[in-house]
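Work through the exercises below with the sequence and the coordinates at hand, and try each task before reading its solution.

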Amino acid sequence: MLFLIKIYIAMSKFFLTNSEHLFSAFKQGISKSSYKLLFEYAHNNIFALTTQKLFVEHQNALLINDGFILENGTIVYNKRVDMAILQDIYHAYNADVNVIRNDALGNYALGILKEDTLTVFTEQSNCYDIFYYADNDIWVISSSLYDLVEPLRERLSINRLNVLEWFSRYAILNDETVFNEVKRLSGEEYIQVVDNQFNIKKTALPIEKITYENYEDNVLEIASIMRNDAKIFSHCLGE
């Protein structure tokens, strides 16, 4: 259990908002914690930051031209894990999140500000959480529910049914959280902010319907994909 807790708290965090007040509050919270501020951006009503992992020194954000890319989690892109992949992802991104997803493995969250458009998404399996709040011209996005909620607590209310669902199932099976006003991004969604307008967009997932006739072929294909992905992870990250 202690090992699992350490893995959880070791993960880095990111925070995005259009509110300078909330941005300052989040920075203040980091200064009182064990996390180290790694990246900071404040321009054209977009405020962003990332923290370093607690037990690993790494780079998880880059300022590129007039934009940026930030990443949380673990991502293998084009069979590589070196820092150059962030720049490669930024330049490859063309407003279609699946262009990046198709060449990426892992549990990760990405935020890309390119050509005055902010896009935030996770991997299609949605194992890495992204939480968001959008109300009264204020929007906030974070990979940490606690840190998102802390400066917003006076604006939030508890969803008692979702609290019960969380404790009974260890999960909430839709885009809701234990707070009525805070949502969790799904694998078939991504966040897009243009001209300070916050939107949730839908994206197609590459899901093929399995029938009795193609069942065996699908199982063999899935096994082949899993073997190939395992080899890539082993090569990039070790046994």
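**Exercise 1: a salt bridge across the sequence**

The structure, a predicted model, holds eight salt bridges. Task: take the pair formed by Lys13 and Asp147, and establish which parts the pair ties together and whether each residue is buried or exposed.

Solution. Begin with the distance: the side chains of Lys13 and Asp147 meet in a salt bridge, at 2.6 Å from N to O, which falls within the 4 Å cut-off. Next, place the two residues: Lys13 belongs to the loop between helix H1 (2–10) and strand S1 (14–17), whereas Asp147 sits in helix H5 (residues 145–149), so the salt bridge ties together parts that are 134 residues apart in sequence. Finally, turn to accessibility, where buried means under 20%: Lys13 has a relative accessibility of 16% and therefore counts as buried, and Asp147, with a relative accessible area of 12%, is buried as well.

**Exercise 2: two further pairs and a network**

Task: for the salt bridges Arg184 to Asp129 and Lys202 to Glu188, determine where the partners lie and how accessible each of them is.

Solution. Arg184 and Asp129 meet through their side chains at 3.2 Å, N to O. Because Arg184 lies in strand S10 (residues 183–184) and Asp129 in the loop between strand S7 (117–122) and strand S8 (131–135), this pair ties together parts 55 residues apart in sequence. Arg184 is buried at a relative accessible area of 18%, while Asp129, at 29%, counts as partly exposed.

For the second pair, the closest N and O atoms of Lys202 and Glu188 are 3.7 Å apart. Lys202 is part of strand S12 (residues 197–202) and Glu188 is in the loop between S10 and strand S11 (189–194), so the parts tied together are 14 residues apart in sequence. Lys202 counts as exposed at 58% relative accessibility, and Glu188 as partly exposed at 38%. To complete the step, note that Arg80, Asp82 and Asp88 are joined into one network by salt bridges that share partners.

**Exercise 3: the sheet and its edges**

Task: work out which strands stand at the edges of the open six-stranded sheet, and describe how S2 pairs with S3.

Solution. The strand order is S2-S3-S1-S9-S8-S10, with antiparallel pairing. Strand S2 (37–43) and S10 each have a single partner strand and stand at the edges, so one side of each is left without a neighbour in the sheet. S2 pairs with strand S3 (residues 46–51) in the antiparallel sense, over six bridges; among them, His43 has Ile46 as its bridge partner in S3, and Phe39 has Thr50. These two strands form a hairpin with two residues between them, and Asn44 in the turn has a positive phi of about 50 degrees. Helix H2 (residues 20–31) packs on the sheet, where this helix touches S1, S2, S3 and strand S9 (138–142), and its direction makes about 15 degrees with that of S3.

**Exercise 4: the two ends of a helix**

Task: describe what is found at the start of helix H6 (residues 160–169) and which residue follows H6.

Solution. At the start of H6, a side-chain oxygen of Asn159 reaches to within 3.2 Å of the backbone nitrogen of Leu161. At the other end, H6 is followed by Tyr170, which has a positive phi, near 60 degrees.

How values were computed. Residues numbered from 1 in each chain as written. Predicted model: local features only at pLDDT ≥ 70, side-chain atom pairs only at ≥ 80, totals over all residues. Heavy atoms only, no water. Helix = DSSP H or I, 4+ residues; strand = E, 2+ residues; numbered from the N terminus. Buried < 20%, exposed > 50% of the residue type's maximum accessible area, 1.4 Å probe, protein only. Pairing = 2+ DSSP bridges. Contact = heavy atoms within 4.5 Å. Axes fitted to C-alpha atoms, helices over the stretch in contact; angles between N-to-C directions. Polar contact = N/O pair within 3.5 Å; in protein donor to acceptor, adjacent residues only side chain to side chain.
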